[in-house]
Each structure stands twice: as C-alpha cells, then as structure tokens.
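This report describes a structural model, with attention to a central sheet, a covered helix and the surroundings of two ligands. The sequence and the coordinates are shown first.

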Amino acid sequence: MGKILVTGGAGFIGSNFVHFLIGNTDSEVVVLDKLTYAGNPASLAGLPEERVSLVVGDVCDAETVDALVAGADAVVHYAAESHNDNSLAGPRPFVDTNILGTYTLIEAARRHGVRYHHISTDEVYGDLELDDPQRFTESTPYNPSSPYSSTKAGSDLLVRAWVRSFGLEATISNCSNNYGPYQHVEKFIPRQITNVIDGIRPRLYGTGLNVRDWIHANDHSSAVWTILNRGRIGETYLVGADGEKDNKSVVEAILALMGEDPQAYDHVADRPGHDLRYAIDSTKLRTELGWTPAYRDFDSGLAATIGWYRDNEDWWRPAKAATEAKYARSGQ
Ligand code: NAD
Ligand code: TDX
C-alpha cells in the first residue's frame with residue numbers, strides 16, 4: 001500500500017498506528033489532524049520526514065479532505081472527539097466531527113474510488129451485565145448510551161450505507177478500550193498513572209465495578225493493518241484481546257506497580273449513564289484473517305505504559321493541570 005491518509009494521526013491511537021506503519025511497512029503517511037486539545041504533534045516527533053507529513057486541518061473541511069483523499073491509496077479514519085465525559089458536558093463537537101467529518105471523508109473516498117477503513121468502538125453496542133455469558137459480536141444490535149457512542153454509531157451506519165448504496169470500498173473495525181503510550185491524561189489509565197506521579201490519589205467513578213476490555217494500542221494497529229490489507233469489503237471486524245478487568249482492579253494494579261498502597265484511591269461521583277461492561281468476541285478477525293494480539297499479559301503491558309509516562313513527562317505535563325481543573329468542576 002503506497003500512500004496512506006491517516007486522519008487523527010496526532011491523537012492517541014492514530015499516532016500509534018503511524019509509528020506502526022513506519023516500523024512495519026514501506027508506506028508513506030499523510031496525517032490530517034485538526035490538533036484539538038487531544039492532538040499533539042510531539043506524538044509524531046522523530047519519525048522520518050520523507051515518509052510522514054502532517055497537514056493541520058479539519059475532517060469537516062470538504063476542500064482539504066478532497067485534495068488529500070484524491071492523492072491517497074487508502075484512508076484510515078481515526079479522527080474523532082473521543083472522550084465520553086466531554087460528550088456529556090458539550091455534545092456539539094461530537095456531532096460535527098464524528099458524523100459530519102465521516103460524511104465528508106466517505107464522500108471524497110467515493111468520488112475518487114479510494115479504499116477507506118473506518119475506526120470505531122465497541123461502545124456502539126451499549127453495555128453488558130457483569131454476568132452475561134455473551135460478548136459483543138459483529139451481529140450484536142447497536143444500542144449506544146452516550147453522546148460520544150451515539151455519534152460513533154451514526155458514523156458507522158453512514159459507512160455501511162455508503163458501501164451498499166454507492167459501492168464504497170470500505171471496512172469497519174470496532175475495538176475495545178486501548179492503553180499504551182501517547183494517550184491523553186484525561187483517559188482512565190494515564191490519568192491515574194500521572195496522578196500517582198503527582199502525589200494525587202487516583203479517582204474511581206462510582207463503585208469501580210465497571211468492566212472494560214483492555215487491548216494494547218499496538219495490537220489495535222496490527223489488527224487495522226490486517227483488515228486494511230486482507231479484510232473483505234463491506235465487512236465489520238471486532239477487535240479485542242480478551243482483556244476484561246474491572247476499574248477497581250486496574251487502579252489497584254497501577255498503585256501496586258508504582259510501589260504505592262493498592263488501596264490509596266478515592267471513589268468519586270459516577271459518570272451519568274456509565275456503561276457497566278464491554279466485552280469483545282474477536283473470533284471473526286482471528287479465524288478469517290489470522291490476526292492475534294502480541295500483548296497477552298495486561299500487567300506487563302501496564303508496567304511498560306507506566307514506564308513510558310515516567311520517562312515522558314515533557315509529553316504529558318502541559319495538559320495535566322487543565323485536565324484536572326476540568327474534572328474538579330464536575331466533582332471527579
Ligand atoms: P484522541 O482523542 O486521542 O485523538 C483524536 C485525534 O483526532 C486528535 O489528534 C484530534 O486533534 C483529532 N481530531 C479531532 N477532531 C478533528 C477534526 N474535526 N478534524 C481533524 N482531526 C480531528 O482519540 P483516540 O483515543 O486516539 O481515538 C481515535 C479513534 O479510535 C476514534 O475514532 C475513537 O472513536 C476510536 N477508538 C478509541 C478507543 C480508545 O480506547 N481510545 C477504542 C476504540 C475506538
Ligand atoms: O478518572 C476516571 N475514573 C474512572 O473510574 C476516569 C477518567 C474514568 N473512569 C472509568 C470510566 C470507565 O468505566 O474508567 C473507565 C474507562 O474510562 P475512559 O478512559 O474515559 O474510557 P471509556 O469511557 O471506557 O471509553 C474509552 O474506550 C472506548 C475511549 O475513551 C473511547 O474513545 C473508546 O471508544
């Protein structure tokens with residue numbers, strides 16, 4: 001695959017994908033990123049300039065998008081407003097970027113006949129009971145709970161319709177919760193790691209019994225590359241690494257790995273509408289395309305992530321105080 005347009009490539013998962021492409025393929029990468037509060041060009045620092053370029057722009061800007069899509073062999077669309085708590089405080093940018101941004105990209109991809117891969121989330125399926133033996137599969141009905149997940153669901157459905165009505169050459173992946181380097185300090189794991197570094201007690205929403213299905217960002221990248229190359233057009237693939245953990249266990253593991261008392265955290269106000277449990281069955285991706293995750297041991301992946309935040313304070317420090325000030329306003 002020659003030139004790949006990666007939207008949102010200065011964000012968490014998008015930048016991990018760009019690093020993956022540079023380390024594992026011969027592709028050239030053009031990143032289109034608006035550099036919102038969540039985008040950071042430092043996440044692309046050190047990558048070879050002859051293979052990676054950054055265009056600062058909005059996925060809703062049809063003129064910019066059209067020119068970039070026309071010159072690409074494939075588009076991988078990561079750009080989104082991604083944080084549930086922000087979507088509760090102010091949903092409008094989620095509608096704009098997640099729905100209109102996707103619309104703008106798929107219109108350009110169909111005009112120019114360019115291969116398109118859509119990045120989405122398991123949150124489109126709503127949540128599961130803690131004791132439900134079923135996990136999400138590609139045939140689970142959509143049932144999103146939050147403004148964030150409903151706009152992601154809307155964007156997925158646009159892509160499905162463009163495949164059927166216009167023959168768009170698209171695939172979709174819905175992945176579970178990612179962790180790893182370059183994740184914004186507003187998100188659960190980096191927030192708690194950087195709190196511990198700063199001597200602030202970790203904050204657990206509600207009971208802390210909510211379950212998330214963790215996957216390392218690098219495994220998400222290898223899954224997307226597999227689907228982009230070998231996925232069947234029009235298909236959806238669920239991406240997950242059998243990493244279910246409740247939030248309480250994750251906070252306790254972070255504290256233990258950082259040499260602190262595992263009980264030294266506080267319960268704070270719960271998130272309104274807080275999804276209880278996500279769990280992915282990734283059998284289709286594994287059996288049809290032969291993908292397997294490389295990070296199978298959560299504790300060692302978490303220890304490496306803690307090491308990354310300890311070693312890269314320059315990267316996260318500028319966002320920390322404003323993020324905590326925002327949480328303080330909602331009692332979290
Ligand atoms: P992020 O918030 O870290 O990064 C989003 C990036 O998109 C930022 O660089 C931001 O500047 C950019 N962006 C936002 N609005 C834009 C716009 N209008 N035009 C151009 N760029 C814009 O998000 P993330 O966690 O890396 O998530 C990336 C994608 O993966 C999203 O589509 C998200 O729904 C999906 N996803 C995330 C997870 C997760 O655990 N974080 C899991 C499954 C799927
Ligand atoms: O301080 C916190 N304390 C806490 O208990 C924060 C920030 C979160 N939580 C809880 C809420 C969730 O149950 O931790 C869990 C994870 O929270 P987030 O990191 O906000 O992630 P989540 O809401 O699960 O959504 C993430 O995974 C799916 C990403 O942000 C989405 O973009 C992705 O689609």
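In strand β6 of this predicted model, Ala 170, Ile 172 and Asn 174 point one way, while Thr 171, Ser 173 and Cys 175 point the other way, and all are buried. A residue is called buried if 20 or more other C-beta atoms lie within 10 Å of its own, exposed if 12 or fewer do, and partly exposed in between, with C-beta atoms placed from the backbone. The strand is accordingly listed as mostly covered, with 6 of its 6 residues buried. Strands (E, at least two residues) and helices (H or I, at least four) are DSSP runs numbered from the N terminus.

Local features need pLDDT of at least 70 and side-chain atom pairs count only at pLDDT 80 or more, whereas totals for chains, interfaces and linings use all residues. Residues are numbered from 1 along each chain as its sequence is written, and chains are lettered from A and ligands numbered from 1 in the order in which they are written.

**The sheet**

Strand β6 belongs to an open sheet of 7 strands in the order β3-β2-β1-β4-β5-β6-β11, with parallel pairing. β3 (52-56) and β11 (236-239) stand at the edges with a single partner strand each, so one side of each has no neighbour in the sheet. On average, neighbouring strands are turned by 20° against each other, direction ignored. Two strands are taken to pair if DSSP finds at least two bridges between them. Strands of a sheet pair through backbone hydrogen bonds, either parallel or antiparallel.

On one side, β6 (residues 170-175) pairs with β5 in the parallel sense over 6 bridges. In this pairing, Tyr 116 has Ala 170 as its bridge partner, and His 118 has Ile 172. β6 is also joined to β11 by 4 bridges, and these two strands run parallel; here Cys 175 is the bridge partner of Val 239.

The connection between β5 and β6 involves helix α5 (residues 147-166), and the three elements make a right-handed β-α-β unit. Right-handed means that, with the strands pointing away from the viewer, the path from the first strand over the helix to the second runs clockwise. Helix α4 lies across β1 (3-7), β4 (74-77) and β5, and runs at about 170° to β4. Such angles run from 0 to 180 degrees between N-to-C directions, and the axes are lines fitted to C-alpha atoms, for helices over the stretch in contact.

**Helix α6**

Helix α6 (residues 188-197) is mostly covered, as 8 of its 10 residues are buried. Phe 188, Ile 189, Pro 190, Arg 191, Gln 192, Ile 193, Thr 194 and Val 196 are the buried residues. They pack against β7 (178-179), α8 (247-257), α10 (298-311) and α11 (313-329), where contact requires C-beta atoms, placed from the backbone, within 7 Å. Just after α6, Gly 199 takes a positive phi of about 75°.

**The two ligands**

The table sets out the class composition of each ligand shell. A residue is near a ligand if its C-beta atom, placed from the backbone, lies within 6 Å of it. Ala, Val, Leu, Ile, Met, Phe, Trp, Tyr, Cys and Pro count as nonpolar, Asp, Glu, Lys and Arg as charged, and the others, Gly among them, as polar.

| Shell | Nonpolar | Polar | Charged |
|---|---|---|---|
| Ligand 1 | 13 residues | 13 residues | 5 residues |
| Ligand 2 | 3 residues | 7 residues | 6 residues |

Of the 31 residues around ligand 1, Gly 8, Gly 11, Phe 12, Ala 38 and Gly 39 come nearest. Two or more residues of this shell come from each of α1 (12-24), β2 (28-33), α4 (92-112) and β5 (115-121). α1 gives the most, with 3 residues.

Around ligand 2 there are 16 residues, of which Ser 82, Thr 121, Lys 187, Phe 188 and Tyr 205 come nearest. The elements giving two or more residues to this shell are α6 and β8 (203-205), and β8 has the largest share with 3 residues.

**Two individual residues**

Phe 20 is placed in helix α1. Phe 20 is partly exposed because 18 other C-beta atoms lie within 10 Å. Not counting residues up to four places away in sequence, Phe 20 touches Asn 218, Ser 221, Ser 222 and Trp 225.

Pro 293 is placed in the loop between α9 (283-289) and α10. Pro 293 counts as buried because it has 20 C-beta neighbours inside 10 Å. With residues up to four places away in sequence left out, Pro 293 touches Ile 215, Asp 219 and Ala 241.

Technical notes:
Two residues are in contact if their C-beta atoms, placed from the backbone, lie within 7 Å.
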